[in-house]
Amino acid sequence: MMFLDLFKEKKPILGMLHLTGDSPKEKRAQCLKEAAIYKRCGVDGMIVEDYFGSRHDVVDCLKALAQTDEYVLGVNVLDNFSFSYEAAALYGGCFVQVDSAAGHLPPALDKPYGEMIAAYRRSGDIQVIGGVRFKYQPILSGRTLEEDMRLGLERCDAIACTGEGTGLETTTDKIRRFRELMGDYPLVVAAGMTPDTVGEKLAIGDAAIVGSYFKEGHVDTGLVNEEYVKIFMDKVFRLREEG
């Protein structure tokens, strides 16, 4: 199976579940509430991430979400590819997101990192979205973007592209440059998408990860607001109808 085959619709939208709450119980309850909002509004998939939680919260929420088969679930335990992959495989995920697949490590550390990813991919069928020149990630490889992209394409099933930070626009020029380097390989625009920019960005990219726009105040610390999700997805539905 290819990454985009996980989704029923073309140009899928993936909503972030950041695990907001003051206790594991609150995080689980909020995660289930936000997942239900995404489902009602037609969001195509969801990524459970330890942004405000722990790896244990990720597992707890995955177990709860896996009680139904109506969610297409991904996992991102930040800076821990192994745990992300194993949690997805055990608890109903079908893909993982890793913030950097290539470029963020010096050469001596990059080779074993790439070998580790390759070993996991040989062992299972979990799809991998990997970042190249991803927000907040250092560039330590000593390689060009073109060289790091080549490695990223070898290590992943889709490449994620972002701007400089959470909630900040991923520029169309950067998305276009990635497309030039990637050809037809799946390209995920992973930050800064809004209803005003989704048409322009997804005319080039193949999917989007949305977090901040869906939340109160359009900031990462907010709770998911159903009206914002509906506004965004209504624009996506119109774009799909227009072809």
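**Ala158**

I began with Ala158, whose relative accessibility in this predicted model is 0%, so I entered Ala158 as buried, the cut-off being under 20%. I then looked up the element that holds this residue and found Ala158 in strand S6. Leaving aside residues up to four places away in sequence, I listed what Ala158 touches, and the list reads Phe3, Val128, Ile129, Gly130, Tyr185, Pro186 and Val188. For one of these partners, Val188, I also noted the separation: 30 residues in sequence from Ala158, but 6.9 Å in space from C-alpha to C-alpha.

**The barrel**

I next asked myself in what order the strands close into a barrel. I traced 8 strands in the order S1-S2-S3-S4-S5-S6-S7-S8, with parallel pairing. Ignoring direction, I recorded that neighbouring strands of this sheet are turned by 30 degrees against each other on average. Helix H5 (residues 145–155) packs on the sheet, and I found that this helix touches strand S4 (95–102), strand S5 (127–132) and strand S6 (158–161), while its direction makes about 155 degrees with that of S4.

**Around S8**

I followed the closure at strand S8 (residues 207–210), which pairs with strand S1 (residues 13–17) in the parallel sense over 3 bridges. Within this pair I located Leu14 opposite Ile209, and Gly15 opposite Val210. On its other pairing I noted strand S7 (residues 187–189), which runs parallel to S8 and is joined to S8 by 2 bridges; here Val188, already listed as a contact of Ala158, stands opposite Ala207. I then checked the two faces of S8 and found both covered, since Ala207 and Ile209 on one side and Ala208 and Val210 on the other are all buried.

**S2 and S3**

I turned to strand S3 (residues 73–76), where again both faces are covered: Leu73 and Val75 lie on one side, Gly74 and Asn76 on the other, and all are buried. Strand S2 (residues 45–49) runs parallel to S3 and is joined to it by 4 bridges, and I placed Glu49 opposite Asn76.

**H1 with H8**

I looked up how helix H1 (residues 24–41) lies against helix H8 (residues 226–242), and found that their axes come within 9 Å and cross at roughly 30 degrees. The cut-off for roughly parallel is under 35 degrees, so I entered H1 and H8 as roughly parallel to each other. The crossing of H1 and H8 is right-handed. From H1 I listed Ile37, Tyr38, Arg40 and Cys41, which meet Glu226, Val229, Lys230, Met233 and Phe237 in H8. By class, I sorted the residues of this contact into 6 nonpolar, no polar and 3 charged.

**H3 with H4**

Last, I looked at helix H3 (residues 81–90) and helix H4 (residues 107–123), which pack at an angle of about 10 degrees with their axes 11 Å apart. H3 and H4 are therefore also entered as roughly parallel to each other. I wrote down Phe81, Ser82, Tyr85 and Glu86 of H3 and Met116, Ile117, Tyr120, Arg121 and Ser123 of H4 as the residues that make the contact. Their classes come to 5 nonpolar, 2 polar and 2 charged.

Definitions and conventions: Residues are numbered from 1 along each chain as its sequence is written. This is a predicted model: local features need pLDDT of at least 70, side-chain atom pairs count only at pLDDT 80 or more; totals for chains, interfaces and linings use all residues. Side-chain values use heavy atoms; hydrogens and water are left out. Axes are lines fitted to C-alpha atoms, for helices over the stretch in contact, and angles run from 0 to 180 degrees between N-to-C directions. Angles under 35 degrees count as roughly parallel, over 145 as roughly antiparallel, 65 to 115 as roughly perpendicular and the rest as oblique. A crossing is left-handed if the near helix is turned anticlockwise from the far one by less than a right angle, and right-handed if clockwise. Contact means heavy atoms within 4.5 Å. Ala, Val, Leu, Ile, Met, Phe, Trp, Tyr, Cys and Pro count as nonpolar, Asp, Glu, Lys and Arg as charged, and the others, Gly among them, as polar. Two strands pair if DSSP finds at least two bridges between them. Buried means under 20% relative accessible area, exposed over 50%, partly exposed in between (1.4 Å probe, protein chains only).
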